[in-house]
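Reader: I have a structure open and would like to talk through its charged residues. Could you take me through them?

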Amino acid sequence: ISKLDVNGDIIVSNGPWIDIKAFGATPNDSTDDTTAIQNAINSMVAGSTLLIPAGIYRITSLDYAPPDKTTLISYGILRVLQSDLNHVTIGSPTVAHSYYRISGLVIDANAVAPDWTVNPNETCVRIVNVTDSEIHINSVSNCTRNVLLTGMNGNGSYYNELHLGRL
């Protein structure tokens with residue numbers, strides 16, 4: 001199955017396409033879609049593609065750590081509901097992940113005003129222990145720290161292609 005990602009590149013998926021709306025996410029900028037989106041992420045298998053359709057989805061925090069060789073294509077906006085340490089974590093602090101392809105990620109923490117005195121380590125996108133991956137972040141706004149790339153527990157984040165848009 002082939003589709004175009006938000007950059008116009010052809011994506012070939014060897015596994016299933018997973019639409020977050022099938023898990024109950026609603027692009028209406030009013031309901032908390034954290035659980036629906038996290039359940040969609042958790043259902044991914046190697047080779048699958050997660051689709052975030054156009055619209056605004058409200059979240060608290062998400063952990064994107066599916067099996068290796070997965071794709072996320074986003075046409076929507078993830079709007080943060082509350083201040084948290086990490087709004088979107090790509091990878092895992094305990095397990096190294098490889099061959100992620102992420103396209104079109106847009107995160108807006110406008111719903112919570114960043115305050116260095118309350119949470120000086122707030123991060124919109126935290127990429128941890130991810131290797132050999134291609135990540136396109138189109139926009140991150142209104143966070144204390146926009147993007148953090150790190151490795152932990154003897155693992156690292158290396159050989160990645162990271163494209164940053166408006167930060």
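**Charged residues and their partners**

Author: At 10% relative accessibility, Asp 108 counts as buried. Bear in mind that this is a predicted model.

Reader: Which residue forms a salt bridge with Asp 108?

Author: Arg 79 does, with the closest N and O atoms 3.1 Å apart, and the pair links distant parts of the chain, Arg 79 being in strand β9 and Asp 108 in strand β12 (residues 101-108), 29 residues apart. Through shared partners, salt bridges join Asp 29, Arg 58, Arg 79 and Asp 108 into one network.

Reader: How far apart are the closest N and O atoms of Arg 58 and Asp 29?

Author: In that salt bridge they are 2.9 Å apart. Arg 58 lies in strand β6 (residues 56-59) and Asp 29 in strand β4, so the pair ties together parts that are 29 residues apart in sequence. Asp 29 also forms a salt bridge with Arg 79, where the closest N and O atoms are 2.8 Å apart.

Reader: Are Arg 79 and Asp 29 buried or exposed?

Author: Arg 79 counts as buried at 15% relative accessibility, whereas Asp 29, at 24%, counts as partly exposed.

Reader: Changing topic, what is the nearest side chain of opposite charge to Asp 33?

Author: That is Arg 58, 7.5 Å away, and Asp 33 is buried yet has no salt bridge. The side chain of Asp 33 does, however, reach the backbone nitrogen of Thr 26 at 2.9 Å.

Reader: And where is Asp 33 found?

Author: Asp 33 sits in the loop between β4 (28-32) and α1 (34-42).

Key. Residues numbered from 1 in each chain as written. Predicted model: local features only at pLDDT ≥ 70, side-chain atom pairs only at ≥ 80, totals over all residues. Heavy atoms only, no water. Helix = DSSP H or I, 4+ residues; strand = E, 2+ residues; numbered from the N terminus. Buried < 20%, exposed > 50% of the residue type's maximum accessible area, 1.4 Å probe, protein only. Lys, Arg positive; Asp, Glu negative; His and termini not counted. Salt bridge = Lys/Arg side-chain N within 4 Å of Asp/Glu carboxyl O. Polar contact = N/O pair within 3.5 Å; in protein donor to acceptor, adjacent residues only side chain to side chain.
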